[in-house]
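Dear colleague,

I am handing over the structure below, and I would be grateful if you could look through it before reading the notes that follow. They begin with the whole protein and then turn to a few single places.

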Amino acid sequence: GLLSAIMLAQKLPALSSLPSPGKRVVVYDRLVPPPPPDNVVYSTDVSKYYLLGIGHRGQNALKYFDVWDDVEKASVAVMGRRDWQPGKMKEEDGRITMSNK
């Protein structure tokens, strides 16, 4: 997905046909772009949370392409699984359960 686009933008040679030498990778998505990571909606509406676990291989890939710091700034560490019961909307209503693997 997006990391592939970042990889292509970093690895492809510069395009000399552009007005200013650069690279061009276009990402198409059927959804409108989400609010920026620092938008207040994420701290006031848990229905806007998008919980995505990123393991060490994913973190290493993000570091390799020099985007981990931006991802980490917009992230919250959760040791285990975080979930809300239907209808619960407050952050304090979330429940964290540890994996028993």
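The accessible surface of the protein comes to about 9,000 Å², and carbon and sulfur atoms make up 56% of that area. Please keep in mind while reading that this is a predicted model, and that the values given here are to be taken in that light.

As for the overall layout, the secondary structure consists of 4 helices and 2 strands, which, when read along the sequence, follow the pattern α-α-α-α-β-β. The protein has 101 residues, of which 10% count as buried. Among the contacts with a separation of 6 or more, 34% are accounted for by residues 24 or more positions apart.

On the surface there is a nonpolar patch of about 480 Å², to which L2, M7, L8, L12, V25 and V27 contribute. One of these residues, L2, is found in helix α1, which covers residues 2–11. Why can L2 be called exposed? Its relative accessible area is 61%, and L2 counts as exposed because the cut-off for that term is over 50%.

Turning to charged side chains, the structure holds 1 salt bridge, and this salt bridge is formed by D70 with K73, whose closest N and O atoms are 3.9 Å apart. Side chains of opposite charge can pair when their charged atoms come close. Both D70 and K73 lie in helix α4, which covers residues 68–73, and they are 3 residues apart, or about one turn of the helix. As to their surroundings, D70 is exposed, and K73 is exposed as well.

The last place I would point you to is S75, which lies in the loop between α4 and β1, the latter covering 81–83. Is S75 best described as exposed or partly exposed? S75 has a relative accessibility of 39% and therefore counts as partly exposed, since this term covers values between the limits of 20% and 50%. The side chain of S75 reaches the backbone oxygen of V71 at a distance of 2.5 Å. S75 can also be set beside a residue from another part of the chain, namely P37, which is 38 residues apart from S75 along the chain, while the C-alpha atoms of S75 and P37 are separated by 8.8 Å.

With kind regards

How values were computed
Residues are numbered from 1 along each chain as its sequence is written. This is a predicted model: local features need pLDDT of at least 70, side-chain atom pairs count only at pLDDT 80 or more; totals for chains, interfaces and linings use all residues. Side-chain values use heavy atoms; hydrogens and water are left out. Patches are made of residues with over 30% relative accessible area and no salt bridge: like charges are joined within 9 Å, nonpolar side chains (Val, Leu, Ile, Met, Phe, Trp, Tyr) within 5 Å. Accessible areas come from the Shrake-Rupley method with a 1.4 Å probe; for residues, only the protein chains shown count as cover. A salt bridge is a side-chain nitrogen of Lys or Arg within 4 Å of a carboxyl oxygen of Asp or Glu. Buried means under 20% relative accessible area, exposed over 50%, partly exposed in between (1.4 Å probe, protein chains only). Contact means heavy atoms within 4.5 Å. A polar contact is a pair of N or O atoms within 3.5 Å; within protein, one must be able to donate a hydrogen and the other to accept it, and residues adjacent in sequence count only if both atoms are side-chain atoms.
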